[in-house]
Structure formats: structure tokens, C-alpha cells
Amino acid sequence: MSEMIKLPPRTGQIIYGPIYSRRIGVDIGINLLIQEGKTCNFNCVYCQYGVTGNPVDYRKLKNGWVKPELVYKALEKTLSNLLSERFKLDAVTFSGYGEPTLHPKFPSIVAKVKEIKENYYPTAKLTLITNSSMFKYKRILKTAELFDQILAKLDAATNKTFHSINRPVNEKLDIHTIIDSLIILSSTVKHFIIQTLLFNTIDQNITSNTSIEEMKALSEAICRIKPREVQVYTIVRAPAISAVKPASVNQLQELKKYIEERCGSNVNVKIY
Ligand code: SF4
């Protein structure tokens with residue numbers, strides 16, 4: 001789901017990889033969003049997958065989800081093959097073409113995938129890459145606790161900027177509700193990482209997150225969340241909206257500085 005971490009799976013692929021990334025290592029990806037086009041409850045201006053083809057809000061899309069049995073079968077086959085080749089695996093990651101937590105059977109799929117992973121690769125981290133929007137639902141928050149590692153998106157800490165950047169399907173979605181749920185999760189998940197993508201824009205209708213006000217708000221929210229790590233980065237692939245441009249190295253460093261000034265040594269900030 002998130003920028004930079006992964007190349008998308010090929011259309012129709014439930015399991016993809018192994019893929020190497022600096023932030024996760026070598027992992028196998030799970031794509032629960034098997035439909036044509038991206039399935040997401042956000043439509044981020046910088047999304048590397050283009051404009052959201054299947055905009056869905058929670059539980060609104062009843063059909064078209066990948067069947068859990070197909071996930072289990074494909075995963076068993078992949079892990080068993082890798083193990084027979086003595087392949088080293090760092091993680092099994094829920095990501096894919098959109099937001100994985102939207103799948104109506106996400107909780108039971110995660111529980112079963114964890115069981116399968118334990119059988120083949122007990123030391124590989126069960127990982128989730130998410131836009132953070134669904135943790136306000138108790139069943140998703142509870143399920144998130146099953147993960148060894150979560151990489152959660154936070155691009156803004158004010159509602160105006162959040163809605164301008166991430167453009168959630170639910171126009172009433174409140175960034176402060178999301179931040180509150182991230183505070184809860186950060187204390188329960190071992191490797192809890194915030195991912196923040198900074199960008200600039202030449203479109204006056206889009207609010208970028210590189211202003212001093214937004215960086216201050218972001219750093220304050222991050223101090224309250226207390227993640228194990230913050231990954232600050234910018235656009236590296238063609239964005240959904242062409243008026244959106246990468247942030248400069250100075251801007252990335254500026255946010256790092258703001259966070260470190262406010263949070264002290266409690267939070268490890270990395271620029272990618
Ligand atoms: S959350 Fe944003 S970046 Fe991630 S898939 Fe959805 S629209 Fe793209």
C-alpha cells in the first residue's frame with residue numbers, strides 16, 4: 001500500500017515476491033485486493049498506483065474480494081517452496097493494490113496467515129503496511145495486535161491538509177481519531193513505525209505538508225504516538241496527480257529536526 005516500499009503485484013496475484021526493501025528486508029507480499037485497479041478508501045494525490053479505481057468505504061463493497069482459502073493455499077505453496085530452497089525470509093507482509101484492512105474478512109485471514117507463517121517461517125515478522133484509517137474500528141485495532149510489525153501512514157496532523165492529501169472516501173474522517181488509534185497501537189505492537197511522505201505542489205487547490213505549521217503539527221502528533229521509528233521520505237515514482245512534486249532533502253531534514261527537537265531521543269527518525 002504505501003509509497004516506495006514495494007512494487008505492486010501483477011494483476012491477479014495474491015502472493016507476490018520475494019521482494020527486497022531497505023525497510024523490511026526480504027519479504028513475501030499478500031494482496032487481498034485482487035480486483036482490477038486500486039481498491040482503497042483513500043485517493044492520495046501522490047499515490048504510485050494512480051487514481052483510486054475502486055473507492056470503497058468500510059464494508060460498502062460486498063463482492064469482489066479475494067476468497068480466504070485462495071490466500072491460504074497460495075501462501076502455503078509459496079512458503080513451502082521457499083523453505084525447501086532454504087530461502088531466508090524476513091517478513092510476510094499484508095500490502096498490495098490498496099488498503100488491505102478493508103477486506104471484510106481481514107481479522108480471520110490475519111489469524112490464519114499468522115498460523116501458516118509460524119509453521120514455515122516462525123522468525124519472519126508478520127507485517128502490515130496500512131494507511132491507518134481503519135484502526136478506529138475495534139475489530140481492526142484488535143487484529144493489528146497480532147502483527148509483529150506495522151508501518152502506518154501519517155502524512156498530516158490537521159484535517160485540512162489530511163483531506164487535501166489523502167482524500168478519504170469518508171469526507172468526515174477525522175485525523176485526530178486516527179492519531180488517537182495510533183497512540184493505542186504504538187504501545188501494543190513491538191515494531192510500530194510511522195511513515196510520512198512529504199511533497200510539494202504547483203496546484204493551489206492542493207495543500208502540501210511542507211509548511212512550518214503542518215510540520216509542527218505532525219511532529220507534535222508523532223511525539224504523542226511514540227512510534228519505534230519514523231520514516232520520512234518523498235515521491236520517487238509517478239504520482240496520481242502530476243502537479244505533485246517531490247520534497248527537497250532540506251525539507252525532509254527539517255521535519256526530522258522538528259520531531260527530534262520535540263520528542264528527544266524517544267523517537268528514531270530516518271530519512272529515505
Ligand atoms: S492509501 Fe494512498 S498511497 Fe496507499 S494505496 Fe491508498 S491511495 Fe495509494
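A residue is called buried if 20 or more other C-beta atoms lie within 10 Å of its own, exposed if 12 or fewer, and partly exposed in between, with C-beta atoms placed from the backbone. The model is predicted, so local features need pLDDT of at least 70 and side-chain atom pairs count only at pLDDT 80 or more, while totals for chains, interfaces and linings use all residues. Residues are numbered from 1 along each chain as its sequence is written.

**Exercise 1. Three loop residues**

Task: Decide whether Arg86 is buried or exposed, then do the same for Arg167, and classify Thr188 as well.

Solution. Start with Arg86, in the loop between α1 and β5. Helices (H or I, at least four residues) and strands (E, at least two) are DSSP runs, numbered from the N terminus. Arg86 is exposed, because 6 other C-beta atoms lie within 10 Å. Its phi is near 55°, a positive value in a residue other than glycine.

Next comes Arg167, in the loop between α4 (159–166) and α5. Arg167 has 21 C-beta neighbours inside 10 Å, so it counts as buried. Its phi is also positive, at about 45°, although Arg167 is not a glycine.

Finally, find Thr188 in the loop between α5 (175–186) and β8 (191–201). With 13 other C-beta atoms within 10 Å, Thr188 is partly exposed.

**Exercise 2. The two faces of α2**

Task: Find which residues of α2 are buried and where they lie around its axis.

Solution. First, get the helix in view: α2 (residues 106–120) has 15 residues and reaches 21 Å from its first C-alpha to its last. That is close to the 21 Å expected at 1.5 Å a residue, where the expected span is 1.5 Å times one less than the number of residues.

Second, pick out the buried residues: Phe106, Ile109, Val110, Val113 and Lys117. Seen down the axis, they fall within an arc of 95°, so they line one face of the helix; the arc is that of the directions from the helix axis to the C-beta atoms. A general rule helps here: an α-helix has 3.6 residues a turn, so residues three or four places apart point the same way.

Third, turn to the face directed away from the buried side, where you will find the exposed residues Ser108, Ala111, Glu115, Glu118 and Asn119.

Last, see what covers the buried residues of α2: the elements include β2 (25–30), α1 (68–84), β5 (91–94), β6 (125–130) and α3 (138–144). Contact here needs C-beta atoms, placed from the backbone, within 7 Å.

**Exercise 3. The partners of β2**

Task: Work out in which sense, parallel or antiparallel, β2 pairs with β1 and with β5.

Solution. Two strands pair if DSSP finds at least two bridges between them. Take β1 (residues 15–21) first: β1 and β2 pair in the antiparallel sense over five bridges. They form a hairpin with three residues between them, and Ser21 has Gly25 in β2 as its bridge partner. While you are in β1, look at Pro18: a cis peptide bond joins Gly17 and Pro18, with omega about 5°.

Now move to β5, which pairs with β2 in the parallel sense over four bridges. Here Gly29 has Thr93 in β5 as its bridge partner.

Technical notes. Contact = placed C-beta atoms within 7 Å.
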